[in-house]
Amino acid sequence: MFGLGIPELILILVIALVVFGPKKLPEISKVLGKSIKEFRNSTSDITDTVNTVKDVTDVAKKLK
């Protein structure tokens, strides 16, 4: 995952725990997860739209 191993992930988690505290960390994780999910959905929608436009363009070229 991005070239990070277990020790690096543990270090990042410990730093986040120290900076944000144990009460805020679950809230931050939840918001981050929702943001990533929305980003994936948006990119999926854009990819679907591009593929649809490409298909329509191919059909239009064949009809000419």
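What radius of gyration does the protein have, and what would a compact globule of 64 residues have?

1. Overall dimensions. The model discussed here is a predicted one, and its radius of gyration is 21 Å, whereas a compact globule of 64 residues would come out near 11 Å. The C-alpha trace, taken along its principal axes, spans about 65 × 25 × 10 Å, which a reader can set beside the radius of gyration of 21 Å when looking at the model.

2. Secondary structure. The protein contains two helices and zero strands. Helix 1 covers residues 6-20, and helix 2 covers residues 25-63.

3. Burial and surface. Of the 64 residues, 5% count as buried. The protein exposes about 6,000 Å², and carbon and sulfur atoms supply 69% of that area.

4. The nonpolar patch. A nonpolar surface patch of about 1,100 Å² is formed by Leu4, Ile6, Leu9, Ile10, Leu11, Ile12, Val14, Ile15, Val18, Val19, Phe20 and Ile28. Helix 1 gives the most to this patch, with 10 residues. Ile15, one of the patch residues, is located in helix 1, and it counts as partly exposed because its relative accessibility is 45%, a value that lies between the 20% and 50% limits.

5. The salt bridge. Under the criterion applied, the count of salt bridges comes to one, and this one joins the side chains of Lys24 and Glu27, with an N to O distance of 3.7 Å. That pair qualifies because the cut-off for a side-chain nitrogen and a carboxyl oxygen is 4 Å. As for the surroundings of the two partners, Glu27 is partly exposed at 46% relative accessibility, and Lys24 is likewise partly exposed, with a relative accessible area of 45%.

6. Charge balance. The protein carries 10 positive and 7 negative side chains, and the centres of these two sets lie 3 Å apart.

7. Thr43 in helix 2. Thr43 has its place in helix 2 and is partly exposed, with a relative accessible area of 32%. Along the chain Thr43 and Lys62 are 19 residues apart, and their C-alpha atoms are separated by 29 Å.

8. Asp45 in helix 2. Asp45 is also found in helix 2, where its relative accessibility of 49% makes it partly exposed; since the class of exposed residues begins over 50%, Asp45 is therefore not counted as exposed. Asp45 and Lys23 are 22 residues apart in sequence, and the distance between them in space is 35 Å, C-alpha to C-alpha.

9. Val53 in helix 2. Val53 belongs to helix 2 as well, and with a relative accessible area of 48% it is again partly exposed. Val53 and Glu8 stand 45 residues apart along the chain, and their C-alpha atoms are separated by 42 Å.

10. Summary for the reader. To bring these points together, the predicted model consists, in its secondary structure, of two helices and zero strands, has a radius of gyration of 21 Å where a compact globule of 64 residues would have one near 11 Å, and counts 5% of its residues as buried. Its nonpolar surface patch of about 1,100 Å² draws most on helix 1, while its one salt bridge is the contact between Glu27 and Lys24.

Technical notes. Residues are numbered from 1 along each chain as its sequence is written. This is a predicted model: local features need pLDDT of at least 70, side-chain atom pairs count only at pLDDT 80 or more; totals for chains, interfaces and linings use all residues. Side-chain values use heavy atoms; hydrogens and water are left out. Buried means under 20% relative accessible area, exposed over 50%, partly exposed in between (1.4 Å probe, protein chains only). Helices (H or I, at least four residues) and strands (E, at least two) are DSSP runs, numbered from the N terminus. Patches are made of residues with over 30% relative accessible area and no salt bridge: like charges are joined within 9 Å, nonpolar side chains (Val, Leu, Ile, Met, Phe, Trp, Tyr) within 5 Å. Accessible areas come from the Shrake-Rupley method with a 1.4 Å probe; for residues, only the protein chains shown count as cover. The radius of gyration is taken over C-alpha atoms; the globule rule is 2.2 Å times the number of residues to the power 0.38. Lys and Arg count as positive and Asp and Glu as negative; His and the chain ends are not counted. The place of a charge is taken as NZ of Lys, CZ of Arg, CG of Asp or CD of Glu.
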